[in-house]
Amino acid sequence: MPLRCVQQHPGRCRRGLATVSQCGSQAGGERMNPFTYSKPTDVSAAVNLSGPATRFIAGGTNLLDLMKENVATPEHLIDITGLPLRDVSETASGGLMIGALVSNADLAYHPLIEARYPLLSKAVLAGASPQLRNMASTGGNLLQRTRCYYFYDTGVPCNKREPGSGCPAREGLNRIHAILGASDDCVATHPSDMCVALAALEAVVHVEGRAGRRTIEFADFHRLPGDAPQRDNQLADDELIIAVELPAQGFVSHNAYLKIRDRASYAFALVSVAAAIELDGEVIRDVRLALGGVA
């Protein structure tokens, strides 16, 4: 379909109506990166379509931004919104199993989450905006990428985006960057609020790939940058998050999520903390602390 070119962009097509390819060829502008699309209806089919040049997409609240900025250039998108992964159900051990496609909004306001895991509900509601929470999925929240300025700017080096190119954030604008767990190659942080609470609750991530299903302890799911900052987590190229499991202990009575940010809403954490404590009278039985925005 024809697109109207935006005239205030210098170097872009200034002829009014033109196709995307015409805009690129007539004025030397960038063309869209072509990609194919499929929408499987079961997990095994989705997994069999996956590979290094593919991306799973659900709400798309982060991936679409990355594609618009040419940070992510997948050759094939696998739409997983048709998969049966939208339930929140009880487990035999007394916990909850959260399907990967449960939206952030549905998760935060789910009666079982509010009643038994209020820390998680608080953390989810501290993130993004109502519109984004309506679209963003549980699995996608775990997989969102850093909001480092240099990662999003394809005009500058970034080891996370292009391994071996350098990390200008180390000597540049790094107010939002890591103070723990950084390396010589990368100082980016993970932006999620939900993940901070899931770490404190000691959740377990359930994934499926061509080799079958496996579980990953939440504390082990995300990787520190080390010398391979392009890898954010422990997933293989063909693996899909299918659920997140919460243990029975929800720290109902004593919990808090605190987030320090530049504005009161729709801002990523400069630092955040999920805190929970279990008391037996005056005896402390268990304490959990997890930090966000710092590693």
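Where does Ala128 lie? I looked this up first. Ala128 sits in the loop between α6 (118-125) and α7 (130-135). The model I am reading is a predicted one.

**Entry: positive phi outside glycine**

I checked the backbone of Ala128. Its phi is positive, about 55°, although the residue is not a glycine. I then looked up its accessibility. Ala128 has a relative accessible area of 33%, so it counts as partly exposed.

I found Glu202 with a positive phi as well. The value is near 60°, and Glu202 is likewise a residue other than glycine. I placed Glu202 in the loop between α10 (194-200) and β8. Is it buried or exposed? Neither: Glu202 is partly exposed, because its relative accessibility is 46%.

**Entry: helix α6**

I went back to α6, the helix before the Ala128 loop. Which of its residues are buried? I noted Pro118, Leu119, Leu120, Ser121, Ala123 and Val124. That makes six of the eight residues of α6, so the helix is largely enclosed by the rest of the structure.

**Entry: the five-stranded sheet**

I traced the strand order next. Five strands form an open sheet, β6-β7-β10-β8-β9, and their pairing is antiparallel. Why is one side of β6 and of β9 left without a neighbour in the sheet? I noted that β6 (88-90) and β9 (212-217) stand at the edges; each has a single partner strand, so one side of each has no neighbour there. Neighbouring strands of this sheet are turned by 25° against each other on average, direction ignored.

I looked inside the sheet at one pair. Strand β8 (residues 204-209) and strand β10 (residues 240-246) run antiparallel and are joined by five bridges. I followed Glu208 across: it stands opposite Leu240 in β10. Glu202 comes back here, since its loop runs from α10 to β8.

**Entry: the three-stranded sheet**

I found an open sheet of three strands in the order β3-β5-β4. Its pairing is parallel. The edge strands are β3 (36-38) and β4 (54-57), and each pairs on one side only. Neighbouring strands here are turned by 25° against each other on average, again with direction ignored.

I checked the pairing of β4 with strand β5 (residues 76-79). The two run parallel and share four bridges. Which residue of β5 is the bridge partner of Arg55? I read off Leu77.

**Entry: β11, β12 and β13**

I then followed the chain to β11. Strand β11 (residues 255-260) pairs with strand β12 (residues 271-280) in the antiparallel sense, over six bridges. I picked out Lys259, whose bridge partner in β12 is Ser272.

How many bridges does β12 form with strand β13 (residues 283-292)? I counted nine, and the pairing is antiparallel. Asp280 stands opposite Val283 in β13. I looked at the turn of this hairpin too. Two residues lie between the strands, and Gly281 takes a positive phi near 70°.

**Entry: Asn174 in its loop**

I turned to Asn174. The residue lies in the loop between α9 (149-152) and α10. Its relative accessibility is 34%, so I list Asn174 as partly exposed.

What does its side chain meet? I found a polar atom of the Asn174 side chain 3.1 Å from the backbone oxygen of Ala169. I also found one 3.2 Å from the backbone oxygen of Arg170. I checked a separation across the loop as well. Tyr149 is 25 residues from Asn174 along the chain, and their C-alpha atoms are separated by 8.8 Å.

**Entry: enclosed space**

I searched last for internal space. How many cavities of 30 Å³ or more are there? I got one. The space in the largest cavity is about 80 Å³.

I listed what surrounds it. The lining of the largest cavity has 15 residues. Cys148, Cys158, Asn159, Cys167 and Cys186 lie nearest its centre. I sorted the lining by type: eleven residues are nonpolar, two polar and two charged.

Notes. Residues are numbered from 1 along each chain as its sequence is written. Side-chain values use heavy atoms; hydrogens and water are left out. On a 1 Å grid over the protein atoms alone, a cavity is a set of points where a 1.4 Å probe fits but cannot get out, and a pocket is an open set with protein on both sides within 12 Å along at least five of seven lines; lining residues have an atom within 4 Å of a point. Grid points are joined across faces, edges and corners, and a volume is the space filled by probe spheres set on the points. Ala, Val, Leu, Ile, Met, Phe, Trp, Tyr, Cys and Pro count as nonpolar, Asp, Glu, Lys and Arg as charged, and the others, Gly among them, as polar. Two strands pair if DSSP finds at least two bridges between them. Axes are lines fitted to C-alpha atoms, for helices over the stretch in contact, and angles run from 0 to 180 degrees between N-to-C directions. Buried means under 20% relative accessible area, exposed over 50%, partly exposed in between (1.4 Å probe, protein chains only). A polar contact is a pair of N or O atoms within 3.5 Å; within protein, one must be able to donate a hydrogen and the other to accept it, and residues adjacent in sequence count only if both atoms are side-chain atoms.
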